[in-house]
Amino acid sequence: MPLRVGIIGTGAIGRDHSRRINNVLTGAHVSAVNDVNVEQAQKAVDDLDLKAEVFANGHELIQSNAVDAVLVTSWGPTHEEFVLSAIAAGKPVFCEKPLATTAEGCKRIVDAEIATGKRLVQVGFMRPYDSGYQLLKNALTIGEIGDPLMVHCAHRNPEVPESYVTPMAIQDTLIHELDVLRWLLDDDYVSAQVIYPRRTRFTHSKLADPQIVLLETKRGIRIDVEVFVNCKYGYDIQCSVVGELGVLNLPEPQSLLVRKEASLATNILTDWKQRFIKAYDVELQEFINGCLNSSITGPSAWDGYAASVASDACVEAQETGAIIPISMADKPIFYS
């Protein structure tokens, strides 16, 4: 029988996940939806031709006998309560980032999941599923460049709205690097610092842009990440790992190279969904397969907690200008 999936949150991401579950991926279909705006939920059902029941309450959706697994794509501050509710119901749950808005909230989820004795939570960090990052990971694993010493990254967006403020450069943007670099290096962070270059004229009074985040890991690897969310020219993700024997660079997205009118040009993407759409499909398919096989893998609640601890330290570094230590307990054997 196909996995019956309940979607909580029918904004852009929830609608896109619903469409791809029903039309692109295999082994599942959307059986229920919920949104704080019931009319929006009904519109998603109608527009996407979903054979799904609309629930006015997310907890009722989770408890429904018509739902085997839950996807949480609602407003960030609601994530913790819905994930905890799914765990209490014994149902697998895929939660888009953030897992919770605080490290304490993430830890409550970790503790609740461990108490059940089995993995139920997968966090929506998609970059480990990207083919380019997987090439980097494989090369590091076999020692292609010896031990990694430094990592240089950039996360650039063409523009953001005025509602995007300085802490969001960490909480909404850098959070992806905070997760994927832990996975890539198999290492945890011990300190964070944020410095501010000259501001672009395209930012606004409540957003310091660009920013440079400096991280150090337990093994002494130094990381710098440029976060520039009004770069204007496109959506551009860069990662360069410097090792003892050489340098590994994240591959550029495949693009046509055009010679025309005395120029040599290639297009640059402008939308994050275009850059990582295949990775989204792979991560959701893995969640579906994990539910069907009673074996959830992928980014865990512990990964969500670790990213949140680092994120909190980076926001403190933004506010103080100081080097902020990052400290967390050892990873439980449960997640090994």
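## A buried pair to start with

Let's begin with two rings: both Tyr235 and Phe276 are buried. Keep in mind that this is a predicted model.

A search through the whole structure turns up five aromatic pairs. Tyr235 and Phe276 form an aromatic pair with an edge-to-face arrangement, with 6.5 Å from centre to centre and 85 degrees between the planes. Where do the two partners lie? Tyr235 is in the loop between strand 10 (222-228) and strand 11 (236-243), while Phe276 belongs to helix 8 (residues 272-292), so this pair ties together parts that are 41 residues apart in sequence.

## A pair within one helix

Next, meet Trp302 and Tyr305, an aromatic pair that is tilted: the centres are 4.9 Å apart and the planes make an angle of 50 degrees. Both residues sit in helix 9 (residues 301-320), and because they are three residues apart there, about one helical turn separates them. Are these two residues buried or exposed? Trp302 is buried, and Tyr305 is buried too.

This pair also has company, as Trp302 and Tyr305 form one aromatic cluster with Phe334 and Tyr335.

## Charges over rings

Aromatic rings here also meet charged side chains. Which residue lies over the face of Phe276? That is Arg275, at 4.4 Å from the ring centre. Phe276 is the ring already described as the edge-to-face partner of Tyr235.

Elsewhere, Lys137 has its charged end over the ring of Trp183, and the distance to the centre of that ring is 5.3 Å.

Methods:
Residues are numbered from 1 along each chain as its sequence is written. This is a predicted model: local features need pLDDT of at least 70, side-chain atom pairs count only at pLDDT 80 or more; totals for chains, interfaces and linings use all residues. Side-chain values use heavy atoms; hydrogens and water are left out. Rings of Phe, Tyr and Trp (its six-membered ring) pair if their centres lie within 6.5 Å; planes under 30 degrees apart count as stacked, over 60 as edge-to-face and the rest as tilted. Helices (H or I, at least four residues) and strands (E, at least two) are DSSP runs, numbered from the N terminus. Buried means under 20% relative accessible area, exposed over 50%, partly exposed in between (1.4 Å probe, protein chains only). A charge sits over a ring if NZ of Lys or CZ of Arg is within 6 Å of the ring centre and within 35 degrees of the ring normal.
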